[in-house]
Structures are given as structure tokens and as C-alpha cells.
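Colleague: I have this model open and would like a close look at one part of it, the place where the helices pack in the later half of the chain. Could you walk me through that, and then set it against the rest?

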Amino acid sequence: MQDNQLKKKIIVSGIWFIYFCFGFSVASLSPLVHHITIDLSISYKKMGIILGSWQFVYVLFAIPAGYILDRIAFKNTLFIASIIMSLSLICRSLSENFNQLLFAVALFGLGGSLISVGVSKVTSVYFKGKSRAVIMGILMTAPPLGAIICLAITSTIFLPIYDNDWRGIIFIYGFLPIIAGTIWFILNILYNISYDPKNQLVSIKQQIVLLKSFLSNRRILLTLILAISAFYLNHGLANWMPKILISKGIAIPSASLFATIPVIIGILSALTIPRIAIGRARFYIIIILFLNAAFAVFLIQNDLGIFLITGLILLGITWGPLIAILLTHLTETRIIKSKQAGLAGGLFFTMAEIGGIIGPISIGIIYDYYNNFNYALGFYSLILIVMIIPVMFLKKLN
């Protein structure tokens, strides 16, 4: 019994570190957007396309990633995912123009999809019931914590040390995922971490049939719609937040630090709110989270002051737990078995990252058109309020 518990802790800690690197890597460009756009002479619209490019690849690869994870051991797939993340970061540091940086960032989508789907697969295989929701909440703290540390050290430590040389900073960051992947690989060998693949579905035809059955299920379909809006919120604002804050009058070095406020609050909320989001209470909590995010984004439209800071704090309350709650709700759908969790997770992140693509690109386009981030933020508030409708339909189904 103790050996089994130890194995579970090792699994969670190993994946948590890799997921930490995922969040760190995603946030790595955000505090450098100002320097990159100037150095490469690219518009905000083009920068938005770059920031959303890895999500596009992610969408294409997430379902195949789920299929791979349903068949192949965690050890190999997550190690390969870590290597891909490192290659993406190193290639970014070598980019000399828009096309090269676009390719380097897009490459990240291959590794990112394996990691995200791996999280849902692990929780469904090793954890059940309330413990699954708790572990999902714990794992969901990894990306935001990675983002916090990246934002903090980039602006306060590395930018001054490297004299605003964004290439050198990204190159150094490229070694972190390699370290996480190597640790994971070694832990797997030492503790013989594996799961029984004998009952895993291996037929691609069966996988396609399953996907059709998942998409025809109204509970799953509504959950996926909500996931799209959650990623639209998270990826859009996360990528542009330092630049949005700079437009509000905050100094460039301080903007990244202010951008960590919703991320820090998000970690705390991810550790607490999913624990109580069970049963019918889950739907009321989801509604509150969407309304809270809409109000938070409205407050962020204000210039520096109490309203802006309050908006950042409230945004973090939704930012942290929303995806964890939706993913837990999906995996608890009766037609999804643990051996199909990889495929289901792949479907979740494939659909969700549609929002992840549209978010950063839409903000860049709207800003280039109006020369004001508030128009994009106002549109965000409207979308978040509209999401109450699918939540109400989902509640009736339950």
C-alpha cells in the first residue's frame, strides 16, 4: 500500500515539474514582446499570429497525442515532449525574422499537446472520485507557477543581465525542459512506473468511432464549448497582459511583475475551488467563475489604480480552477472509460485550443485596428457573459 502511494506521489511530482516547464515556456515570450516586435520589426497583428501559432499545431496534434498516450508508456512520450519544448525555445533564440520565429513557436505545439493530454490520462488512470479533482487542481498549479517565475525573473534578473537581449534569455530557458524530462525519465526507471496497456484500444477505426460518440454526447459537447472560452480567456490575456499593463502606464520592468498577480491568485484558487466543485455545486461555481472573469476584465480596462489591481486579483480567481473543473467534469462523463482518457483528453485540448488560437490573434488584430486594448477587453467581457448559456444547458442535462 505504501509503495503504491509512493509511486503515485512520484508520478504526480514528475509530471508536475514537466507541466511547470510547459507554463514557463508559454510565458517566456510575454515579457519580451516589446523587445521582439522592435528587434524583428513586426506588427502586433503578426506578433499575435506568432503567439497563437503553437496552439494551432496543438489543435492538429492533440487527438493523435491522446491516441499515442493510450498506447505508449508515459515515460517515453513525456520525455520526448520535454525535448520538443527545449528545441522550440532554442530555435526561438536563433530566429532572425517573422517566419523563423513563427516556426519555432509553432513547434512547441507538438510537445505541449503530449503534456496536456498526459495530465488528464494520469489522473484518470491512477485517481478516482474526489481525489481526482484534488490531484487535477494540484497539477493545474504547475503552469501558472512556471509562468510566475518566468515573468518575475525575466524582467527583474535576466533583462538587466543580458542588456535587453531577448535571444540570450530564451536560449538559456531552453535547457529547463531538458532537465525536467531527464528527471522524469530517471524516476520512471528507478521506480518502474508504468500502467497495463493490455486493454488499451489500438485500432484507429475504433478511435474514430469513439470520437464520434463523444461529440454526439451533449454533455461532452457543451463542456468543450466552455473549454474553448476558458482557453480564449487564459491564452489571450496571458500572452498580452504585460503589454496591456504597459499601455496603462506601468513601467516596462514592472509590467511583468504586475502580470503575475492573477497567476499567483490562480494558483491559490486552483488548490481550493476544485475541491468544492463537485456534484450540482459545480455548475453554480462555473457560472460564478465566468461572471467573475467578465467583471475582472471590465475592471482591467481602467488605468493604474485600485480598479486595475482588483481586476487582476479577480481574474486570477477564475484563471486557476476553471480548466481543472471543466476537465474533471469531462472525464467523469459515463461513456468515457479510463482506457479512453487519453483520447478524451486529446479531444478536450484540441477543441479548447481553438480558443487558445483565437485569443492572442484577436487581441493583436483589434489593437492594430483601434490602437487601444480596451476594445479587445470589452469584447472579452461580452464573450464570458454569453458562456452562462451553455452552462445552464449543461446543468439541465446533469
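Modeller: Here is a tour that begins with the whole chain, settles on helix α13 and its partners, and then moves on to some other spots.

Keep in mind that this is a predicted model. The protein has 18 helices and zero strands. Of its 398 residues, 59% are buried. If you take contacts between residues at least 6 apart in sequence, 84% of them join residues at least 24 apart. The exposed surface comes to about 15,700 Å², and carbon and sulfur atoms supply 69% of that.

Now for the part you asked about. Helix α13 covers residues 281-300, and helix α14 covers residues 306-319. Their axes are 8 Å apart and the packing angle is about 155°. How are α13 and α14 oriented to each other, parallel or antiparallel? The cut-off for roughly antiparallel is an angle over 145 degrees, so α13 and α14 count as roughly antiparallel. Their crossing is left-handed. On the α13 side, the contact is made by Leu289, Asn292, Ala293, Phe295, Ala296, Val297, Leu299 and Ile300. Facing them from α14 are Phe307, Leu308, Thr310, Gly311, Leu312, Leu314, Leu315, Ile317 and Thr318. Sorted by class, that contact has 13 nonpolar and four polar residues, with no charged ones.

α13 has another partner in helix α15, residues 322-331. Here the angle is about 150° and the axes sit 11 Å apart. This crossing is left-handed too. α13 brings Arg282, Phe283, Ile285, Ile286, Leu289 and Phe290 to the contact, while α15 brings Leu322, Ile325, Leu326, Thr328 and His329. The class count for α13 with α15 is eight nonpolar, two polar and one charged. If you want a residue to click on, try Leu289, which is listed in the contact with α14 and also in the contact with α15.

For the rest, start with helix α5, residues 98-126. Serine 113 is found in α5, and serine 113 is buried, with a relative accessible area of 0%. Leaving aside neighbours within four places in sequence, serine 113 is in contact with Tyr58, Phe61, Ala62 and Ala65. Leucine 110 lies in α5 as well, but leucine 110 is partly exposed at a relative accessible area of 29%. Not counting residues up to four places away in sequence, leucine 110 touches Val57, Phe61 and Ile84. Phe61 therefore turns up among the contacts of serine 113 and those of leucine 110, with contact here meaning heavy atoms within 4.5 Å. Leucine 110 and alanine 65 are 45 residues apart in sequence, yet their C-alpha atoms are 8.4 Å apart in space.

Helix α4, residues 74-93, holds alanine 81. Alanine 81 is buried, with a relative accessible area of 0%. Again not counting residues up to four places away in sequence, alanine 81 touches Gly111, Leu114 and Ile115. From alanine 81 to glycine 109 there are 28 residues in sequence and 9.6 Å in space, C-alpha to C-alpha.

Two helices are worth a look for their buried residues. In α8, which spans residues 166-173, six of the eight residues are buried, so α8 is largely enclosed by the rest of the structure. Those buried residues are Trp166, Arg167, Gly168, Ile169, Ile170 and Tyr173. In helix α2, residues 33-40, the buried ones are Val33, His35, Ile36, Thr37 and Leu40.

Last, check the backbone angles. Most residues other than glycine have a negative phi. Serine 41, which follows α2, has a positive phi near 55°. Aspartate 163 also has a positive phi, about 55°, although it is not a glycine. Aspartate 163 lies in the loop between α7 and α8, and aspartate 163 is exposed, with a relative accessible area of 64%. Asparagine 371 is another non-glycine with a positive phi, about 60°. Asparagine 371 sits in the loop between α16 (341-370) and α17 (373-386), where it counts as exposed at 55% relative accessibility.

Definitions and conventions:
Residues numbered from 1 in each chain as written. Predicted model: local features only at pLDDT ≥ 70, side-chain atom pairs only at ≥ 80, totals over all residues. Heavy atoms only, no water. Helix = DSSP H or I, 4+ residues; strand = E, 2+ residues; numbered from the N terminus. Buried < 20%, exposed > 50% of the residue type's maximum accessible area, 1.4 Å probe, protein only. Axes fitted to C-alpha atoms, helices over the stretch in contact; angles between N-to-C directions. Left-handed = near helix turned anticlockwise from the far one by under 90°. Nonpolar A, V, L, I, M, F, W, Y, C, P; charged D, E, K, R; others polar. Areas by Shrake-Rupley, 256 points an atom, 1.4 Å probe, with all protein chains shown as cover. Parallel < 35°, antiparallel > 145°, perpendicular 65-115°, else oblique.
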